[in-house]
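Work through the exercises below with the sequence and the coordinates at hand, and attempt each task before reading its solution.

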Amino acid sequence: MDVILFRYGQPARFLLQFATIIPLYSSYSLLITSMLHLLGVNLPDQKVVSVALTYFYGIGPLTARKICSRLSFHKECKLSELTEGQLNQLSGVLSEMTIENDLKRQVAANVQHLRQIGTYVGKRHAMGLPVHGQRTRGNSVTAKKLNGKMLRKYSTVADTAFTRQAMGMFQSPLSKHQN
Amino acid sequence: MISATKFTQPASKAARHFAGIRLLSSSPIVAAEKNANSSRPKADRTQSMAFTKKEAGSKRTRSGTSTSVNLSAANPAYYTDPPKPKLDLLSKDTATASRLNTFMQIDDGFLQNTGKGRYPGHLAADFKLFGKPALLYRQVTQTLVDQMAQNAETAPKRATVLDGQNGAGKSAELLKLATVAATSGHIVIYALSTLPWVNSSRPYGPGYKSDLFVQHELVNELLRSVVAVSRDALNKVPLGRSVTLGKKTLESEKTLADLIDLGLQTPSLAHDALDQLLDIARTQTVVPVFIGLDEVNTLWCQTSYRDQEDNILPANRFRLARSFLPFFEGQGLAKGWVVGATSYAEVRFMPKDLKTKLNPPPAIPIANPDLVRDPGVGELSFDVLKVERLSSAEAWGLMQFYQKANIVTTPVTEGLVAKKWVYANGNPRQMFAGVTTYF
């Protein structure tokens, strides 16, 4: 079985020559479940196309429905029923969109930009606090967990105390009292 | 009366009981039972005798396809073979007034050719309980059969649509009519359900150089059913002109069966073949044509399909629906009949304006010019035949058959029939539900 490696970050503009069917063993039975490997994502073969497309980061139910409408896939069409030509068309449409790591990088870049130009939103991301005006006296657990994560993961600037001071973007809540 | 002088224990068991002395041990009784049961085979409690484990697989394949009871090992005291009442097969010869209010069997071959194991409406549950596909021959059935015999000579100008309440028997009447038409030598174009045409469950695609959408798979299935049911009638009708489908051309001497066979060979030509079939069949006078569409309201509905811009498609944007719409909008046949049956089961595929036209509001005595101009209340382009509730004689025939089929186990009396008939308001589906509530 040939395996095609899709390089993350580069839009796959070439047509899908053949999909990779990966046999998997379910942990609850000895049945083999086949998966379709498409643009770096394993899609379950038995799922309806409009549902399977939501497995991509950046595609929700509405976008998936629009993709199916564009390619004339009916609502109950499953991935296993698609022909090679239809899979090629699907791959072509998906490659035109910003999804998966492209989208993650774009979001991270947007947040990084906001931080670099010194906006309030950028500072909130940097401090790992809610951005949209939520209360921080209580709750804000999700924001503290997620905000700024992308900055820490994808930042091109060395994340040291010196750079932070030099940038002047990070101020701890206690710093102004100390000064 | 117990003697108060001296207490002595009576000898026999009965005497002791009479004396008011309670037995302290039941061992004699238990021993007696064991002796009586020694002749019966002992039950094997290590494995189930009747119930078997369901086969592994997806829920969809497991449920509804096989019973969990292993009938070969079932206790005959509880699982008996269902009775199979002998019924006459519904055909052109048996569809007479003498068979009114009796059940008649529908040809299973016809159902397999048209439905591939599916049945129209909610008849699947009925046929399963009956053990065979069988329907009641009603007065309205006789009316329709007589009308069809008349139309076989001179076709009416307008199509007919059967309408009525849920469970009134519209789909059943259309099925009976199609069965009689098939045995009468008609060319039968019968679709037992047009829901797959509009509910986005089957493949579709944009037409070539056309703003219409095509559904090759559905048309292919329809053509297969037509040729399977009416091959003899199709072979009698010559094309009358040369017909070109794709790269092949059929001479005028060829028949409609050859046309359909050519369309079946290439799925992309199915629509062209259907259009040519309908065009030639409606103008020829050799063999009468019967076109029957169940759930015909879907021809005017907003479908669940969407175009490339994600806009909802109306049914008339599909070539398949477009092929049949003219028959319900004034285009008639030379010989034969076009009949449709509405369905209110899927409300989203019943257009509101059509529903209002089929069930117009009560007439207002004071003339209201605004109401007259209301587009929702207008004339229909087809005739409507209301399928009414069962008559008392029909209800009696229904219950008699239910008793023969062991669906009703109590004796069928006039009181019982009247009770079920009144409770159901004469609705056949509600009567069936009334006798099978505890199944």
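**Exercise 1. What accessible surface does chain B have, and what share of it belongs to carbon and sulfur atoms?**

Solution. In this predicted model, the accessible surface of chain B amounts to about 24400 Å², and carbon and sulfur atoms account for 53% of that area. The next step is to turn from surface to interior: of the 439 residues in chain B, 43% are buried. The secondary structure of the chain consists of 16 helices and 14 strands. As a last step, consider the contacts in chain B between residues at least 6 apart in sequence, of which 69% join residues at least 24 apart.

**Exercise 2. Describe chain A in the corresponding terms, and state the order of its elements.**

Solution. Begin with the surface, which for chain A comes to about 11700 Å², with 55% belonging to carbon and sulfur atoms. Of its 179 residues, 34% count as buried. Nine helices and three strands make up the secondary structure, and their order from the N terminus is β-β-β-α-α-α-α-α-α-α-α-α. Among contacts in chain A with a separation of 6 or more, 47% are between residues 24 or more positions apart.

**Exercise 3. Characterise the packing of α14(B) with α15(B): at what angle do the helices pack, and which residues meet?**

Solution. Two packed helices are described by the angle between their axes and the distance between the axes. Here helix α14 (residues 392–404) of chain B packs with helix α15 (residues 414–423) of chain B at an angle of about 110°, and the axes are 10 Å apart. Since angles of 65 to 115 degrees count as roughly perpendicular, α14(B) is roughly perpendicular to α15(B). The crossing of the two helices is right-handed. On the side of α14(B), the residues in contact are S392(B), A395(B), W396(B) and M399(B), and they meet E414(B), L416(B), V417(B), K420(B) and W421(B) of α15(B). Sorted by character, the residues of this contact comprise six nonpolar, one polar and two charged.

**Exercise 4. Carry out the analysis for α8(B) and α10(B): what are the angle and the distance between their axes?**

Solution. Helix α8 (residues 216–235) of chain B and helix α10 (residues 270–283) of chain B have axes 9 Å apart and pack at an angle of about 40°, and the pair is therefore classed as oblique. The crossing of α8(B) with α10(B) is left-handed. From α8(B), the contact draws on H216(B), V219(B), N220(B), L222(B), L223(B), V226(B) and L234(B), while α10(B) supplies A270(B), H271(B), A273(B), L274(B) and L277(B). The composition of the contact is nine nonpolar residues, three polar and no charged.

**Exercise 5. How many residues of helix α9(B) are buried, and what covers them?**

Solution. Helix α9 (residues 256–265) of chain B is mostly covered, with seven of its ten residues buried. These are L256(B), A257(B), L259(B), I260(B), L262(B), G263(B) and L264(B). The cover over these buried residues includes the strands β5 (187–191), β8 (243–245) and β9 (248–250) of chain B, together with the helices α8 and α10 of that chain.

**Exercise 6. Two non-glycine residues, N139(A) and D310(B), have a positive phi. Where does each lie, and is each buried or exposed?**

Solution. Take N139(A) to begin with: its phi is about 55°, and its place is in the loop between α5 and α6 (141–146) of chain A. With a relative accessible area of 67%, N139(A) is exposed. D310(B) has a phi near 65° and lies in the loop between β11 (302–306) and β12 (312–314) of chain B. Its relative accessibility is 10%, so D310(B) counts as buried.

**Exercise 7. Locate R124(A) and S91(B), and give the residues that each touches beyond four places away in sequence.**

Solution. R124(A) belongs to helix α5 (residues 120–127) of chain A. Because buried means under 20% relative accessible area, R124(A) at 13% counts as buried. Leaving out residues up to four places away in sequence, R124(A) touches L129(A), P130(A), V131(A) and T136(A). S91(B), in turn, is found in the loop between β1 (88–89) and β2 (103–105) of chain B. At 15% relative accessibility S91(B) is also buried, and, with the neighbours up to four places away again left out, S91(B) touches V180(B) and T183(B).

Definitions and conventions. Residues numbered from 1 in each chain as written. Chains lettered and ligands numbered in written order. Predicted model: local features only at pLDDT ≥ 70, side-chain atom pairs only at ≥ 80, totals over all residues. Heavy atoms only, no water. Axes fitted to C-alpha atoms, helices over the stretch in contact; angles between N-to-C directions. Parallel < 35°, antiparallel > 145°, perpendicular 65-115°, else oblique. Left-handed = near helix turned anticlockwise from the far one by under 90°. Contact = heavy atoms within 4.5 Å. Nonpolar A, V, L, I, M, F, W, Y, C, P; charged D, E, K, R; others polar. Buried < 20%, exposed > 50% of the residue type's maximum accessible area, 1.4 Å probe, protein only. Areas by Shrake-Rupley, 256 points an atom, 1.4 Å probe, with all protein chains shown as cover.
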